[in-house]
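Reader: Could you zoom in on one part of this model for me and keep it informal? How many salt bridges does the structure hold, and which residues are linked in a network of salt bridges?

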Amino acid sequence: MLWDPDKEVTLSVKTHHMRVDYNPYEGRTLKGAPAMVLSRGEVLVDHGQWKGKPGRGQFVKRQPGRPLVP
């Protein structure tokens, strides 16, 4: 991730790259935001624009109550 410490953003479900219809922080304004997000050399987000390919991610199923890190 490349971080822009001066960028101001207002959080909104309309601007996030998620497949949900809510955001618990809707309307909050923050200073500092990612300018670019990379994964294994591939640009996923470039200045707010989604560049990733559909199906790139992988769902990792967890058992309820298990810690995230062993």
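Author: Two salt bridges, that's the whole tally for this predicted structure. A salt bridge here is a side-chain nitrogen of Lys or Arg within 4 Å of a carboxyl oxygen of Asp or Glu. The network they make links E42, K53 and R56.

Before the details, some housekeeping: residues are numbered from 1 along each chain as its sequence is written, and side-chain values use heavy atoms, with hydrogens and water left out. As the model is a prediction, local features need pLDDT of at least 70 and side-chain atom pairs count only at pLDDT 80 or more, while totals for chains, interfaces and linings use all residues.

Let's take the K53 arm. Its side chain meets that of E42 in a salt bridge at 3.8 Å, N to O. E42 belongs to strand β3 and K53 to the segment after β4, so this pair ties together parts that are 11 residues apart in sequence. (Strands are DSSP runs of E with at least two residues, numbered from the N terminus.) In the R56 arm, E42 and R56 meet through their side chains in a salt bridge of 2.7 Å, again N to O. Here too the pair links distant parts of the chain, with E42 in strand β3 and R56 in the segment after β4, 14 residues apart. E42 takes part in both bridges, one to K53 and one to R56.

How open are the three partners? The scale is relative accessible area: under 20% is buried, over 50% is exposed, and in between is partly exposed (1.4 Å probe, protein chains only). K53 counts as exposed because its value is 55%. R56 has 35%, so it is partly exposed, and E42, at 23%, also counts as partly exposed.

While you're at β3, look at the loops beside it. R40 sits in the loop between β2 and β3 (42-46), and H47 in the loop between β3 and β4 (49-50). Both have an odd backbone angle: phi of R40 is near 50°, positive in a residue other than glycine, and phi of H47 is about 50°, positive although H47 is not a glycine. R40 is exposed, with a relative accessible area of 85%, and H47 counts as exposed because its value is 55%.

For contrast with the charged network, try the surface patch of M18, V20 and Y22, which is nonpolar and has about 300 Å² of accessible area together. Such patches use residues with over 30% relative accessible area and no salt bridge, joining nonpolar side chains (Val, Leu, Ile, Met, Phe, Trp, Tyr) within 5 Å and like charges within 9 Å; areas come from the Shrake-Rupley method with a 1.4 Å probe, and for residues only the protein chains shown count as cover. Y22 has its place in the loop between β1 and β2. With 53% relative accessibility, Y22 counts as exposed.

Back to your request, then: E42 in strand β3 is joined to R56 in the segment after β4, K53 bridges to E42 as well, and the three residues make up a network of salt bridges.

Conventions
Helix = DSSP H or I, 4+ residues; strand = E, 2+ residues; numbered from the N terminus.
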